[in-house]
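User: I have a model open and want to go through it piece by piece. Please keep the answers short and end each one on the value or name I ask for.

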Amino acid sequence: MKKKYTYLLPIIIAFALAMGILIGGKLNFNDSPEKLFTTNSKKDKLNRLIDYIDYEYVDDVNTDSIVDVTVNNILDKLDPHSVYIPKKEMAKISENMKGDFVGIGVNFYMYKDTIAVIRPVKDGPSFSKGIKAGDRILMANNDTLFGQRMPSDVIVDKLKGKEGTSVKLKIYRQQQDSTFSVNVKRGVIPLKSVDAYYMLTSEIGYIKVNRFAESTYKEFKHALTSLLKQGAKKLTLDLRDNPGGYLSIAEQMADEFLKDGKLILFTKNKKGKIEKSFATDEGDFEDKPIYVLINERSASASEIIAGALQDNDLGTIVGRRSFGKGLVQREMELGDGSSVRLTISRYYTPTGRSIQKTYKNGNKDYYNKFTERYHNGELISVDSIKVADSLKFTTPKGKVVYGGGGIIPDIFVSIGSNEEEAIKSFENLGFVSRFVFEHLDEDRGRYVDYNKENFTTSFSVDDILFENFINYSEQSPVIKNLRLQYYEMEDVLKLYIKAALAEQLFDTNTREKIKSKNDKMLQKVIEIDSIDSSSN
């Protein structure tokens, strides 16, 4: 049983990693797009071939698809992070990096064959019109949305539109067994990149950042200001599972911690041109104690911040070796609504480290490095991390750091047990959230008297709800095959169920605060801070 379970676990974790890093590969780039077209024989050859196929080939061929395949094949020969973005994907990716979109402001599931509202965005268009969690959206204008199992992107397209335009929604409210119509005016809906911020202890503030989008620095600054008002003298910056994003946003955030004139990073292109980025005197948290959390899914912009602080002998990096992405992309339009994000330079930490892992054996090998880390024991013991002496660097205060393949933390925290990591994996894939939604759908009234504070401190998942979760899990072939030891992991599972309830009843901030009670890295931060404080 254990052998089968151990075989499945790295596959599940590797899938989660691949999804995050593949998305991250499309996110890390400079924000100075420029045109890339010149006339030469190489370009003429490709154009002529496409024209021959268009006008002379015996059968009708979609030459657009041929061009897409050609572009992807060319980029595949370069590096794993030079990517082609088709026109149909550009809008979604642009929204994600802009940090907002225009819509009606609801989180939803496709439950059975109907759109079920998980939670309306607070103060958003649907919230202000009285739409509640658990409501079903049956129609948008004259479009029927139930009974068809529409893909999520099709549903989103029907609900989104231009800012200020209205959509007439037909709503079914299960609690009252009633149907009604409401006109909702579309508005700007934020896509939060700061998942949570709160006081971890009386002195340590906590901020979790999920990516580096246009809005991230503003969100981060708001969170930091709030924590400072609450008495934060130290900070934990959680960059775990953060695949990266805009380079300039990472520089702005690093500037908050580093004194004026300190080097944040430098980039070098193929011509040898070096561009350096220095901190200014604008930071609100300069030279104060900071803990940065990273793991094997922390990439690119996350590594820039961790490397800048580590090389300037500031703060403590806690966790496991980061992904290892030290390439910078620039977005270039291809004239038809599509774009290419092309690697145009490498970045280096202040001591001169390149943390880019090798990609000489191709993209498949590149992304399989995580599984290799799992099997060679690196996620269990820091002693299993193999680094060449030639990649050794020294910080101004004499601390030895290494380049090549990611940032190695100052304080190592191992991955959890097989059971713990399996629970995290299917929790991250939304399994616990879906169970909680169905539970709330049947018994939402049980929670009407709770607010965030008394839910966090007083609510406990009882044995009946826990047994219901086990039964629900055993109905899923994927989860059932993992053969989890539910009762051995009862406390952890109940905590995750409570956290998912908190998210759907309140917000992600409350969810993260609850989950912190069983977070090994956060508990390690509290432990080492306590030791440091007593020694001082």
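Analyst: The questions below go through strands, a helix, aromatic pairs and single residues of this predicted model.

User: How many residues of strand 5 are buried?

Analyst: Strand 5 spans residues 114-120. The strand is largely enclosed by the rest of the structure, because the buried count is seven of seven.

User: How many bridges join strand 4 to strand 5, and how do the two strands run?

Analyst: Strand 4 covers residues 106-111. One point of register is Val106, which stands opposite Pro120 in strand 5. Strand 4 and strand 5 run antiparallel, and the bridges joining them number six.

User: Which residue in the turn between strand 4 and strand 5 has a positive phi?

Analyst: The two strands form a hairpin, with two residues between them. A phi of about 60° is found in that turn, at Lys112.

User: What is the bridge partner of Ile115 in strand 6?

Analyst: Strand 5 is also joined to strand 6, residues 136-140, by two bridges. These two strands run antiparallel. In strand 6, Ile115 is matched by Ile137.

User: How many residues of helix 9 are buried?

Analyst: Helix 9 runs over residues 301-311 and is mostly covered. Its buried residues include the charged-type names Glu303 and Asp311 as well as Ile304, Ile305 and Leu309. The buried count for helix 9 is 11 of 11.

User: Which residue just after helix 9 takes a positive phi?

Analyst: The place to look is just past the end of helix 9. A phi of about 55° occurs there, at Asp313.

User: Is Arg353 buried or exposed?

Analyst: Arg353 is found in the loop between strand 19 (339-348) and helix 10. Its relative accessibility is 0%. The cut-off for burial is under 20%. Arg353 therefore counts as buried.

User: Which side chain makes a polar contact with the side chain of Arg353?

Analyst: Beyond its neighbours up to four places away in sequence, Arg353 touches residues including Gly307, Gln310, Tyr347, Phe393 and Ile407. Its side chain also reaches the backbone oxygen of Tyr402 at 2.9 Å. The side-chain to side-chain polar contact is 2.5 Å, and the partner is Asp311.

User: Is the pair of Phe323 and Tyr366 stacked or edge-to-face?

Analyst: The count of aromatic pairs comes to 21. The ring centres of Phe323 and Tyr366 are 5.7 Å apart. Their planes lie at 80°, so the pair is edge-to-face.

User: How many residues apart are Phe323 and Tyr366?

Analyst: Phe323 is in the loop between strand 17 (316-319) and strand 18 (327-333). Tyr366 is in helix 10, residues 363-367. Both Phe323 and Tyr366 are buried. The pair links distant parts of the chain, with a separation in residues of 43.

User: What is the distance from the charged end of Lys357 to the centre of the ring of Phe323?

Analyst: The charged end of Lys357 sits over the ring of Tyr366, 4.8 Å from its centre. The charged end of Lys357 also sits over the ring of Phe323, where the distance to the centre is 3.8 Å.

User: Which residues form one aromatic cluster?

Analyst: The cluster combines tyrosines and phenylalanines. Its members are Tyr447, Tyr450, Phe455, Phe459 and Phe506.

User: Is Phe466 buried or exposed?

Analyst: Phe466 lies in helix 15. Leaving out residues up to four places away in sequence, Phe466 touches Val461, Tyr486, Tyr487, Glu490, Leu493 and Lys494. At 1% relative accessibility, Phe466 counts as buried.

User: How far apart in space are Phe466 and Asn107, C-alpha to C-alpha?

Analyst: Along the sequence, Phe466 and Asn107 are 359 residues apart. In space, their C-alpha separation is 25 Å.

User: What distance separates the C-alpha atoms of Asp100 and Gly187?

Analyst: Asp100 is found in strand 3, residues 100-103. Leaving aside neighbours within four places in sequence, Asp100 is in contact with residues including Val188, Ile189, Pro190 and Leu191. Asp100 and Gly187 are 87 residues apart along the chain, and their C-alpha atoms are separated by 10.0 Å.

User: Which side chain does a polar contact of 2.9 Å join to that of Asp100?

Analyst: Here the contact is between two side chains. The partner of Asp100 is Lys98.

How values were computed:
Residues are numbered from 1 along each chain as its sequence is written. This is a predicted model: local features need pLDDT of at least 70, side-chain atom pairs count only at pLDDT 80 or more; totals for chains, interfaces and linings use all residues. Side-chain values use heavy atoms; hydrogens and water are left out. Buried means under 20% relative accessible area, exposed over 50%, partly exposed in between (1.4 Å probe, protein chains only). Helices (H or I, at least four residues) and strands (E, at least two) are DSSP runs, numbered from the N terminus. Two strands pair if DSSP finds at least two bridges between them. Rings of Phe, Tyr and Trp (its six-membered ring) pair if their centres lie within 6.5 Å; planes under 30 degrees apart count as stacked, over 60 as edge-to-face and the rest as tilted. A charge sits over a ring if NZ of Lys or CZ of Arg is within 6 Å of the ring centre and within 35 degrees of the ring normal. A polar contact is a pair of N or O atoms within 3.5 Å; within protein, one must be able to donate a hydrogen and the other to accept it, and residues adjacent in sequence count only if both atoms are side-chain atoms. Contact means heavy atoms within 4.5 Å.
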